[in-house]
Each structure stands twice: as C-alpha cells, then as structure tokens.
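Biologist: I should like to understand the terms applied to this structure before I rely on them. Would you show it and explain the reasoning behind each one?

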Amino acid sequence: MIDFKKAIHLVSGISAKGSLKHYFETNYPDDKIEIHCIYDDLSVGPLNDFTSPSDYETYSSYWKAIENISNPNNESKESCTQSSDFFNEFKIDFPPEKPLIIWHGSDTNEKVMLYRYCALLKTRDLYEINLDDWPVNPKDVYNSNSLATRNPEHMDGIFNHIKKIEDDRKFFYAQEWERLKNDQKLSRIFMNGQVISVEEDYYDQALFANCSSEYQVASRVIGTTMEKQESTVGDHYLWYRIHVLLNQKLLESQGNPTTMRNLEIRKK
C-alpha cells in the first residue's frame, strides 16, 4: 500500500477540502499532507480540458453571463476567478514522485473530477478512495457519500480502502470525460451510478414546484429544492435559475433582488 501521508489528495470543493484538512490536522499534526482542490462547480457550465487560455475564456464567459442575470446590479462585472488561480486549480503537472489519490463518491462534481484526471493523466499511476466503499455513519447528519458531507471524526480506517485505478478502469473513466465534453450540455447530474448530461433548465420545474402563491424567501425555495434532489447542485446556480424564471414572468418577486435571503418570490 502507498503511504497516504506522502501523497497528494485530489478533492472537489472547499467543503471536501475542509473536512479532509481537519482530519489530517487532528490525527497527523506533525505531517504536512498535501491536498489539491478543484473549487469550481463542474456540475454546470461548459466542459473542456481546462488546460489552455481558450478553455478558461469559454468557462469564464459562461459564468459572467450567469452573473449578469443573477446579479444585474453588479457594477464591476469582474469575474470572481483570476486566470492564474484558475490554471493552478486545474493543473495536472503534479510532481512525479508524489502518489495521487482521487477522492470521489456519489457526487457529480467528484465523479467529473475523477473522469478528468483519468483522461489527462493517462500515463501516471492513479489511486482512488471511493466513498461508496465506506459506509455512512448513522450518527452523521447527512446520508451522503460525498466527501464534502462526511464527518471527519468518523473517517478512521478509510485509508484501508485506497485502490490503484487499473488501466481498464482508467480508460473507462477517460471515455466518460470525453462523452460529457462531447454532449455540449450545460448541466450534469449523478443518477443511478452515472453522470448524465441534462439541459440547463433541468431544475426549473423543481424550483417552480417549490414555490407557492404566497411570497416566501428565495433562499428557502432554493434550500428545499436542493434537499429534494438526488444529485447535488449549488445554491448559486439555482439562484441564477430563479432569475431566469423571473425574467420569463413565471415568478414574481418583492424585496432586494441581489441576495437570496432578502428576495421573496411566488408563482405568478
């Protein structure tokens, strides 16, 4: 078995990084264990290899357009991601002497991250910790196999599940990456053990169904919608879709349109 303390741990999302960092700092305070995180939401937006300036521009332009709709009063119109930060986040030039361990479970972002690394790091030995192999502790609040929702206090023994990703499996994951890129759809969900491309308005019906004829705070509608989804989705993206529904005159609102906690919405 490889030494996980000398590896680079590849994770998706700031919450996942926080959970793993807490576990390492609590249990191995004298070891400097490296965690590399993809912060961006890979469940929505255009997919590409994220290895060139044109890749960044395509991705950045999409999120700028979303920001223009969901926060029309933003005067700066600046992207929240700097190009240098973006390329560091999606880098693939990891030191060759460092083992790479990919953490993933039943989560869209984690699976897409896994597929990308397997496609772009074909010549490297890659290892995985599949959280589907690690039972959820019944005491935990979330019944989820996402690293982001795992309680770091209940992770003892998880490193016994490190497995090398064999070539045939790596090839399959790489093919999944190519399939998702070629689909050219702007939203992805994890359903029945597979990442599926869906249309951008996939969540609109659920958002509309969770509204009523009475005004309620938009953040509550978003929270309810997130809770009822089999697949994970970010609140920022649902906030954008609420603005689309408002622009389509399917919903109406009162209050401050720039923050989800200060805007009330209802069916028109």
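Modeller: A residue is called buried when its relative accessible area is under 20%, and exposed when that area is over 50%. Please bear in mind that this is a predicted model. By that cut-off, five of the five residues of strand β1 (residues 8–12) are buried, and the strand is therefore described as mostly covered.

Biologist: Which way do the residues of β1 point?

Modeller: Ile8, Leu10 and Ser12 point one way, while His9 and Val11 point the other way. The residues on both sides are buried.

Biologist: How do you know that β1 is paired with β2 (residues 34–38)?

Modeller: Two strands count as paired if there are at least two bridges between them. Five bridges join β1 to β2, so the condition is met, and the two strands run parallel. One of these bridges has His9 and Ile35 as partners. Together with helix α1 (residues 14–27), β1 and β2 make a right-handed β-α-β unit.

Biologist: What makes β3 (residues 100–104) a partner of β1 as well?

Modeller: Three bridges link β1 and β3 in the parallel sense, which satisfies the requirement of at least two. Within this pairing, Leu10 has Ile102 as its bridge partner, and Ile8 stands opposite Leu100.

Biologist: Why are β2 and β5 (163–164) said to stand at the edges of the sheet?

Modeller: The open sheet has five strands in the order β2-β1-β3-β4-β5, with mixed pairing. β2 and β5 each have a single partner strand, so one side of each is left without a neighbour in the sheet.

Biologist: Why is Asp41 called buried?

Modeller: Asp41 has a relative accessibility of 17%, which is under 20%, and therefore counts as buried. Asp41 lies in the loop between β2 and α2 (53–70). Leaving aside residues up to four places away in sequence, Asp41 touches Tyr59, Asn109 and Gly234.

Biologist: What makes the approach of Asp41 to Asn109 a polar contact?

Modeller: The limit for such a pair of N or O atoms is 3.5 Å. The side chains of Asp41 and Asn109 are joined at 3.3 Å, within that limit. The side chain of Asp41 also makes a polar contact with that of Ser43, at 2.6 Å.

Biologist: How do you know that Glu176 and Arg179 form a salt bridge?

Modeller: The nitrogen must be within 4 Å of the carboxyl oxygen. For Glu176 and Arg179 the N to O distance is 2.7 Å, so the pair qualifies. Both residues lie in helix α5 (residues 167–183), three residues apart, about one turn of the helix. Glu176 is buried because its relative accessibility is 9%, whereas Arg179, at 25%, counts as partly exposed.

Biologist: What links Asp49, Glu178 and Lys181?

Modeller: Those three residues are linked in a network of salt bridges. Within it, the closest N and O atoms of Lys181 and Glu178 are 3.5 Å apart. Lys181 is buried at 15% relative accessibility, while Glu178 is partly exposed at 30%.

Biologist: Why does the meeting of Glu199 and Lys185 count as a salt bridge?

Modeller: Their N to O distance is 3.6 Å, which is within 4 Å, and the pair is therefore counted. This pair links distant parts of the chain: Glu199 is in the loop between β7 (194–198) and α6 (204–209), and Lys185 in the loop between α5 and β6 (187–191). Both are partly exposed, Glu199 with a relative accessible area of 47% and Lys185 at 32% relative accessibility.

Terms used. Residues are numbered from 1 along each chain as its sequence is written. This is a predicted model: local features need pLDDT of at least 70, side-chain atom pairs count only at pLDDT 80 or more; totals for chains, interfaces and linings use all residues. Side-chain values use heavy atoms; hydrogens and water are left out. Buried means under 20% relative accessible area, exposed over 50%, partly exposed in between (1.4 Å probe, protein chains only). Helices (H or I, at least four residues) and strands (E, at least two) are DSSP runs, numbered from the N terminus. A crossover is right-handed if, with the strands pointing away from the viewer, the path from the first strand over the helix to the second runs clockwise. Contact means heavy atoms within 4.5 Å. A polar contact is a pair of N or O atoms within 3.5 Å; within protein, one must be able to donate a hydrogen and the other to accept it, and residues adjacent in sequence count only if both atoms are side-chain atoms. A salt bridge is a side-chain nitrogen of Lys or Arg within 4 Å of a carboxyl oxygen of Asp or Glu.
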